[in-house]
Amino acid sequence: MITMKTKYALKAMYRLAISPPGEPVLIADIAEREDIPKKFLELILSELKQHGFLKSRKGRGGGYQLARDPKSISLASLIRVIEGPIAPVPCLSRTAYERCEGCRDEETCAVRLGLHAAYQDWVKALEGTSLQDVLGRVDEAAGKLTLGTRYSI
C-alpha cells in the first residue's frame with residue numbers, strides 16, 4: 001500500500017503535467033486544487049526536484065514545473081523516490097536487495113517464492129506506466145463520465 005505522501009506526489013505531478021508547458025505552477029495552486037496540505041506539499045516537491053523530476057523558479061512568475069517529458073517519468077520511479085524500495089520483502093528488491101532476517105534458504109523460501117511473480121508483474125506495470133499514460137487514462141475516464149451524463153428530452 002502506498003502512503004499519503006506518495007498519493008500527494010502523484011497528484012501534484014499530474015497537476016503539473018496538465019499545466020501549460022513552460023508555465024510554472026504555484027505550490028498554493030496545486031495544494032488548493034488537489035486538497036494537499038501546503039507545508040507537506042512543499043517538502044514533497046522539494047524532494048521531487050532534488051531527484052530531477054521538477055524544476056522551479058523563484059519570485060514573480062515563479063513556481064514548479066516538470067523537468068522532464070511526462071512520457072519519460074514512470075510511476076515506479078516516482079514511487080521509489082518517495083517510498084524507497086517497492087518490493088514487499090527486501091530479498092526481492094532490485095534497488096535495495098538484502099537477505100531477509102531469519103531466512104534459512106532464499107531458494108526455497110515460501111514467502112519469497114509466493115510473492116515473486118506478483119511482485120514482478122507489479123514492477124513491470126509500474127515501470128511501464130508513465131505520467132503521460134496517467135494523463136490519457138484520466139482523459140478517457142472523464143470522457144466516459146461526460147458521455148454517460150448526456151441525455152435529451
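## Contact and covering in a predicted model

Contact here means that heavy atoms lie within 4.5 Å of each other. The structure described below is a predicted model. With contact defined in this way, the cover over the buried residues of α3 includes α1 (4-18), α2 (27-34), β1 (54-57), β2 (63-66) and α4 (75-83).

## Helix α3

Helix α3 runs over residues 38-50 and has 13 residues. At 1.5 Å a residue, a helix of this number of residues should span 18 Å, and the end C-alpha atoms of α3 are indeed 18 Å apart, so the expected and computed values agree.

Which residues of α3 are buried? They are L41, I44, L45, E47 and L48. These residues cover an arc of only 160° around the helix axis, and therefore they lie on the same side of α3. The face turned away from that buried side carries the exposed residues K39, L43 and Q50. Just after α3, G52 takes a positive phi of about 85°.

## Helix α4

Helix α4 (75-83) is among the elements that cover the buried residues of α3. Within α4, the residues L75, A76, L78, I79, V81 and I82 are themselves buried. Just after this helix, G84 takes a positive phi of about 95°.

## Cysteines C91 and C100

A disulfide is a covalent bond between the sulfur atoms of two cysteines. How many disulfides does a search of the whole structure find? The search finds zero. C91 is in no disulfide, and its nearest cysteine sulfur, that of C100, is 3.7 Å away. Likewise, C100 is in no disulfide, the nearest cysteine sulfur being that of C91 at 3.7 Å. A pair of cysteine sulfur atoms must be within 2.5 Å to be counted as a disulfide, so this pair is not counted.

Are these two cysteines buried or exposed? A residue is buried when its relative accessible area is under 20%. C91 has a relative accessibility of 4% and therefore counts as buried. C100 has a relative accessible area of 19%, so C100 is buried as well.

## The largest pocket

The largest pocket holds about 180 Å³ of space. Its lining is made up of 14 residues, and those nearest the centre of the pocket are L16, S19, P21, G22 and L66.

Which elements each supply at least two residues of this lining? Both α1 and β2 do so. Helix α1 and strand β2 are also among the elements that cover the buried residues of α3.

Methods:
Residues are numbered from 1 along each chain as its sequence is written. This is a predicted model: local features need pLDDT of at least 70, side-chain atom pairs count only at pLDDT 80 or more; totals for chains, interfaces and linings use all residues. Side-chain values use heavy atoms; hydrogens and water are left out. Helices (H or I, at least four residues) and strands (E, at least two) are DSSP runs, numbered from the N terminus. The expected span of a helix is 1.5 Å times one less than its number of residues. Buried means under 20% relative accessible area, exposed over 50%, partly exposed in between (1.4 Å probe, protein chains only). The arc is that of the directions from the helix axis to the C-beta atoms. On a 1 Å grid over the protein atoms alone, a cavity is a set of points where a 1.4 Å probe fits but cannot get out, and a pocket is an open set with protein on both sides within 12 Å along at least five of seven lines; lining residues have an atom within 4 Å of a point. Grid points are joined across faces, edges and corners, and a volume is the space filled by probe spheres set on the points.
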